[in-house]
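User: Please take a close look at one part of this model, the salt-bridge network, and set it in the context of the strands and surface patches around the chain.

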Amino acid sequence: ETKLYYTNNPASVDSGTLKESSGVWENALRNHFLLGAFDLGGATFSPMISLNYTKLAHFGHDLNNLSDFDSLGLNFAGVFQFGQGWTIRPSLGLSFDLNPNKGLERQYHQITPSIALGKQFKISKAQSFIEWSLAHNFTDSAYGDADDKLDRFETALIWGVNIPFHNFELSPFIRFGYANYSNQDRADFLTNLGLELKYSFSNWFYLKAFANFSSRQSDDDTYDFNRFDSGMGAALNAKF
């Protein structure tokens, strides 16, 4: 997938010199390996491995390249599917942020065990979903006073709907999150609103336009921010 978009706050900060609008070119390669489906009697179980690599390049201002980073992610998940659209998904994720300006030096990584409870349901021709998740992030950063300063418990509730019409699909979503930090006197409330319009030329190629608003309100006002992103993208899909 490739995306080209505008953001008014690339560093996700409240204020300061880094709060400078930017263009972003984002490229991602995502691989999902489904390792089978097993009947458990009343439920099915599907183990899955995901491997992703994302590269973000900022442009439009001399300071924007300070926000550049590459991200490598590995996730192990087991999806339990029950009747009436219910799912339970325990997972273990590993992610690494790499600095492309310093030879892909690792600047941050985290290990995240999580569990999510979800339900899918239909509204006429639309497909809707709601999911509640619990996670804990064990972190290691190259910056700050302590390697594990960003360790935190997180819970989130997300609702979205996919509305198809002809070759188009309209997908709004809303997400509310709460994070409590283990090694700081800090708690964050996070809100994300998004809207995507996708046009599929085939089942393996699509174009899309999107807009996202994200906000963080923290006990420590230093970490508050509002951010708006909007742009276009394209993706190639292969399934085998």
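Analyst: What follows treats the salt-bridge network, then the strand pairing, and then the surface patches. The model is a predicted one.

The structure holds eleven salt bridges. Side chains of opposite charge can pair when their charged atoms come close. One of these contacts is made by the side chains of Glu1 and Arg30, with an N to O distance of 3.0 Å. Glu1 belongs to the segment before E1 and Arg30 to strand E2, so this pair, 29 residues apart, links distant parts of the chain. Arg30 is partly exposed, because its relative accessibility is 41%.

Glu1 also meets the side chain of Lys208 in a salt bridge, at 2.8 Å from N to O. Since Lys208 lies in strand E12 while Glu1 lies in the segment before E1, the contact ties together parts that are 207 residues apart in sequence. Lys208 has a relative accessible area of 8% and is therefore buried, the cut-off for that class being under 20%.

A further salt bridge is formed by Lys208 with Glu196, whose closest N and O atoms are 3.3 Å apart. Here the parts tied together are twelve residues apart in sequence, because Glu196 lies in strand E11 and Lys208 in strand E12. Glu196, at 22% relative accessibility, counts as partly exposed. Through shared partners, the salt bridges join Glu1, Arg30, Glu196 and Lys208 into one network.

The strands that carry these residues can be followed through their pairing. Strand E2, residues 22–34, pairs with strand E1, residues 2–7, in the antiparallel sense over six bridges. Within that pairing, Tyr5 stands opposite Val24 in E2. E2 is also joined to strand E4, residues 44–59, by twelve bridges, and these two strands again run antiparallel. Glu26 has Leu56 in E4 as its bridge partner. Arg30 of the network is therefore located in a strand, E2, that has antiparallel bridges to E1 and to E4.

Strand E4 also contains Leu51. Leu51 is partly exposed, because its relative accessible area is 37%. Asn75 is 24 residues from Leu51 in sequence, and the two C-alpha atoms are 6.6 Å apart in space.

Glu196 leads to another set of paired strands, through E11. Strand E11, residues 187–202, runs antiparallel to E10, and 13 bridges join the two. The bridge partner of Ala179 in E11 is Asp188. The hairpin that joins E10 to E11 does so through five residues.

On its other pairing, E10 (residues 168–181) meets strand E9 (residues 152–165) in the antiparallel sense over twelve bridges. Thr155 stands opposite Tyr178 in E10. The hairpin of E9 and E10 has two residues between the strands, and His166 takes a positive phi near 55 degrees there. Ile163 is found in strand E9. With a relative accessible area of 33%, Ile163 is partly exposed. The C-alpha atom of Ile163 is separated by 4.5 Å from that of Ala126, although the two residues are 37 residues apart along the chain.

Strand E9 also contributes to a surface patch. Phe82, Trp86, Ile88, Ile115, Leu117, Ile130, Trp132, Leu157 and Trp159 make a nonpolar surface patch of about 770 Å². At least two residues of that patch are supplied by each of strand E6 (86–99), strand E7 (105–123), strand E8 (126–141) and E9. Leu157, one of the patch residues, has its place in strand E9. At 38% relative accessibility, Leu157 counts as partly exposed.

A patch of charged residues is also present. Asp14, Asp185, Asp219, Asp220 and Asp221 form a negative surface patch. Asp219 is found in the loop between strand E12 (205–218) and strand E13 (225–236). Asp219 is exposed, because its relative accessible area is 54%. Strand E12 thus holds Lys208 of the network, and the loop that contains Asp219 lies between E12 and E13.

To return to the request, the network consists of Glu1, Arg30, Glu196 and Lys208, joined by salt bridges that share partners. Glu1 has contacts both with Arg30 and with Lys208, and Lys208 in turn has a contact with Glu196.

Key:
Residues are numbered from 1 along each chain as its sequence is written. This is a predicted model: local features need pLDDT of at least 70, side-chain atom pairs count only at pLDDT 80 or more; totals for chains, interfaces and linings use all residues. Side-chain values use heavy atoms; hydrogens and water are left out. Patches are made of residues with over 30% relative accessible area and no salt bridge: like charges are joined within 9 Å, nonpolar side chains (Val, Leu, Ile, Met, Phe, Trp, Tyr) within 5 Å. Accessible areas come from the Shrake-Rupley method with a 1.4 Å probe; for residues, only the protein chains shown count as cover. A salt bridge is a side-chain nitrogen of Lys or Arg within 4 Å of a carboxyl oxygen of Asp or Glu. Lys and Arg count as positive and Asp and Glu as negative; His and the chain ends are not counted. The place of a charge is taken as NZ of Lys, CZ of Arg, CG of Asp or CD of Glu. Helices (H or I, at least four residues) and strands (E, at least two) are DSSP runs, numbered from the N terminus. Buried means under 20% relative accessible area, exposed over 50%, partly exposed in between (1.4 Å probe, protein chains only). Two strands pair if DSSP finds at least two bridges between them.
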